[in-house]
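Biologist: Before we discuss this protein, I should like each descriptive term to be justified against its criterion. May we take the charged side chains before the rings?

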Amino acid sequence: MLRLTVISVILCFAAADNVVFKDCGSKGGTINSVDVTPCPTEPCQFPRNKNITVAITFTASESITSAKTKVYGYILGIKTPFPVPDDACQDMPCPVQSGTTVIYRNAVFVEPVYPQISLVVQWEIHDQNDATVLCFDVPAQIVSG
């Protein structure tokens, strides 16, 4: 059983797709990499009725005792919130000391009712004071599953 789990974890990392992203105002950390699965080509194709996995490696430049996830889609220029669980400490170890490199992992289900459109996804993590720890944008398309 342990061997199967280890193989599954290795395959998940091997399947991760490092994406080109635009930093949109990270203040409490430096983003080292962003991996989105599936995203073999850009813009990322997010199939409806499937999970999208995001892994962010970042180095904190401040101490973080608690954190919240906020995800938005810019649709026709309008910033629209996507419903995601907001406790980022479920997706990364908390507390985080300044200078520590952390891996944040989250999965988002693309609802079957989402329209097939092009958008820019903005992913944010905010600290205990609601200050932006990190923020990045990735172009995407919601496609049929």
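Modeller: Glu124 is buried, its relative accessible area being 7%. Please note that this is a predicted model, in which local features need pLDDT of at least 70 and side-chain atom pairs count only at pLDDT 80 or more, while totals for chains, interfaces and linings use all residues. Residues are numbered from 1 along each chain as its sequence is written, and side-chain values use heavy atoms, with hydrogens and water left out.

Biologist: What makes Glu124 buried?

Modeller: Buried means under 20% relative accessible area, exposed means over 50%, and partly exposed lies in between (1.4 Å probe, protein chains only). Glu124 has 7%, so the residue counts as buried.

Biologist: Why is Lys79 called partly exposed?

Modeller: Its relative accessibility is 39%, which lies between the two limits, so the term partly exposed applies.

Biologist: What makes the contact of Lys79 with Glu124 a salt bridge?

Modeller: The criterion is a side-chain nitrogen of Lys or Arg within 4 Å of a carboxyl oxygen of Asp or Glu. For Lys79 and Glu124 the N to O distance is 3.6 Å, so the pair qualifies. Lys79 lies in strand β6 and Glu124 in strand β8, so the bridge ties together parts 45 residues apart in sequence. Strands (E, at least two residues) and helices (H or I, at least four) are DSSP runs, numbered from the N terminus.

Biologist: How many salt bridges does a search of the whole structure find?

Modeller: The search finds two. Asp130 forms a salt bridge with Lys70, where the closest N and O atoms are 3.1 Å apart. Asp130 is in the loop between β8 and β9 (132-143), and Lys70 is in strand β5 (residues 67-75), 60 residues apart. Asp130 is partly exposed at 44% relative accessible area, and Lys70 is also partly exposed, at 23%.

Biologist: Why can such side chains pair at all?

Modeller: Side chains of opposite charge can pair when their charged atoms come close.

Biologist: Why is the pair of Phe82 and Tyr114 called edge-to-face?

Modeller: Rings of Phe, Tyr and Trp (its six-membered ring) pair if their centres lie within 6.5 Å; planes under 30 degrees apart count as stacked, over 60 as edge-to-face and the rest as tilted. The centres of Phe82 and Tyr114 are 5.5 Å apart and their planes stand at 80 degrees, so the pair is edge-to-face. Phe82 is in strand β6 (residues 78-82) and Tyr114 in the loop between β7 (101-110) and β8 (118-127), 32 residues apart. Both Phe82 and Tyr114 are buried.

Biologist: What makes Tyr104 and Trp123 an edge-to-face pair?

Modeller: Their rings are 6.4 Å centre to centre with 75 degrees between the planes, so both criteria are met. This pair joins Tyr104 in strand β7 to Trp123 in strand β8, 19 residues apart, and both residues are buried. These are among the three aromatic pairs that a search of the whole structure finds.

Biologist: How do you know that Thr101 and Thr59 form a polar contact?

Modeller: A polar contact is a pair of N or O atoms within 3.5 Å; within protein, one must be able to donate a hydrogen and the other to accept it, and residues adjacent in sequence count only if both atoms are side-chain atoms. The side chains of Thr101 and Thr59 are joined at 3.0 Å, so the distance criterion is met. Thr101 lies in strand β7, and the C-alpha atoms of Thr101 and Thr59, 42 residues apart along the chain, are separated by 4.1 Å.
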